[in-house]
Amino acid sequence: MPSIQFVKEFQKNRERESRRLALALANPQASTVTLITKENCPACGPVKDYLLAEQVVYEELVVDHQPAAVERLRQLAATGATPVLPIVVYQTHIVMGTDRPGLADLVALYAKHNHKENNIV
C-alpha cells in the first residue's frame with residue numbers, strides 16, 4: 001500500500017501537470033522554457049511551482065525517462081558546467097538548482113519576450 005506522503009506527492013504532481021498543460025494550451029504562441037528534472041527530485045517541485053506561478057510555459061524533460069534530457073545534460077557537462085537539477089533553459093540562459101535570483105532574471109526575460117508580444121493570460 002502506498003504511503004500517505006507518496007499519494008500526496010502524486011496528487012500534487014498531477015495538479016501541477018494539469019496547470020502546466022492548461023497554461024500551454026491557453027498560450028499557444030508563447031515560446032517554451034525547457035525544464036530538466038529527475039524523478040523524486042526535492043528541488044524540482046518548487047521550481048515547477050514558481051514557473052507556473054509566473055505563467056511560464058515550459059516543457060519538462062525527465063532524465064529518468066527521456067533520452068533528450070540525458071543528452072542535454074551531456075551537452076552542459078561538455079561546456080565545463082557541473083549540471084545541478086533542476087535545470088531551466090530559455091534561449092541562451094541557463095539556471096541550475098534553486099538559484100532564485102537567476103530564476104527571477106530568466107522569468108523577467110521570458111515575460112519581456114512573451115507576455116507583451118503574445119498577451120499571455
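**Group meeting talk: a walk around helix H2**

Hi everyone. The buried residues of helix H2 are Cys-44, Gly-45, Val-47, Lys-48, Tyr-50, Leu-51 and Leu-52. I'm starting with that list because several of these names will come back; please keep in mind throughout that this is a predicted model.

So, helix H2. The helix spans residues 44-53, and seven of its ten residues are buried, so it is mostly covered. Once H2 has ended, the chain comes to Gln-55, which has a positive phi, near 60°.

Let's begin at Cys-44. A disulfide links Cys-44 with Cys-41, and the S to S distance is 2.3 Å. How many disulfides does a search of the whole structure find? The search finds one, so we can give this pair a moment. Both cysteines are buried: Cys-41 as well as Cys-44. For those of you who like geometry, the torsion about the S-S bond is about 80°, which makes the disulfide right-handed.

Now on to the charged residues. In general, side chains of opposite charge can pair when their charged atoms come close. In this model the count comes to five salt bridges, and I'd like to show you a few.

Here is one of them: Asp-49 and Arg-16 meet through their side chains in a salt bridge, at 2.8 Å from N to O. Asp-49 belongs to helix H2 and Arg-16 to helix H1, so this pair ties together parts that are 33 residues apart in sequence. Buried or exposed, what is Arg-16? Arg-16 has 3% relative accessibility and therefore counts as buried. The cut-off behind that word is under 20% relative accessible area. Its partner Asp-49, at 22% relative accessibility, counts as partly exposed.

Let's stay with Arg-16, which is found in helix H1, residues 4-26. Which residues does Arg-16 touch, if we leave out those up to four places away in sequence? They are Glu-9, Gly-45, Lys-48, Asp-49, Leu-52 and Tyr-58. You'll recognise Gly-45, Lys-48 and Leu-52 from the list of buried H2 residues I opened with.

Lys-48 has a salt bridge too. Its partner is Glu-60, and the closest N and O atoms are 2.9 Å apart. Lys-48 sits in helix H2 and Glu-60 in strand E2, residues 58-62, so the pair ties together parts that are twelve residues apart in sequence. Lys-48 and Glu-60 are both buried.

Next, a salt bridge within a single helix. Glu-71 pairs with Arg-74, with 3.9 Å between the closest N and O atoms. Both residues lie in helix H3, three residues apart, which is about one turn of the helix. Glu-71 counts as partly exposed, at 37% relative accessibility, whereas Arg-74 is exposed, with a relative accessible area of 54%.

While we're on helix H3, have a look at Val-70, which is found there as well. Val-70 is partly exposed, with a relative accessible area of 28%. Val-70 and Ile-36 are 34 residues apart in sequence, and their C-alpha atoms are 9.0 Å apart in space.

Just past that helix comes Thr-79, in the loop between helix H3 (67-78) and strand E3 (87-90). Thr-79 is exposed, with a relative accessible area of 62%. What does the side chain of Thr-79 reach at 2.6 Å? The answer is the backbone oxygen of Leu-76. If you'd like a distance across the model, the C-alpha atoms of Thr-79 and Leu-103 are separated by 20 Å, and these two residues are 24 apart along the chain.

Two last stops. In helix H4, residues 100-118, you'll find Asn-114. Asn-114 is buried, with a relative accessible area of 2%. Its side chain makes a polar contact with the side chain of Tyr-90, at 3.4 Å.

And then back to the outside. Phe-6, Val-7 and Phe-10 make a nonpolar surface patch of about 290 Å². Phe-6 is placed in helix H1, the helix that also holds Arg-16.

To bring it back to helix H2: the helix is mostly covered, Cys-44 is joined to Cys-41 by a disulfide, Lys-48 forms a salt bridge with Glu-60, and Asp-49 forms one with Arg-16. Thanks for listening, everyone!

Definitions and conventions
Residues numbered from 1 in each chain as written. Predicted model: local features only at pLDDT ≥ 70, side-chain atom pairs only at ≥ 80, totals over all residues. Heavy atoms only, no water. Buried < 20%, exposed > 50% of the residue type's maximum accessible area, 1.4 Å probe, protein only. Helix = DSSP H or I, 4+ residues; strand = E, 2+ residues; numbered from the N terminus. Contact = heavy atoms within 4.5 Å. Polar contact = N/O pair within 3.5 Å; in protein donor to acceptor, adjacent residues only side chain to side chain. Disulfide = S-S within 2.5 Å. Patch = residues over 30% accessible without salt bridge, like charges linked within 9 Å, V, L, I, M, F, W, Y side chains within 5 Å. Areas by Shrake-Rupley, 256 points an atom, 1.4 Å probe, with all protein chains shown as cover. Salt bridge = Lys/Arg side-chain N within 4 Å of Asp/Glu carboxyl O.
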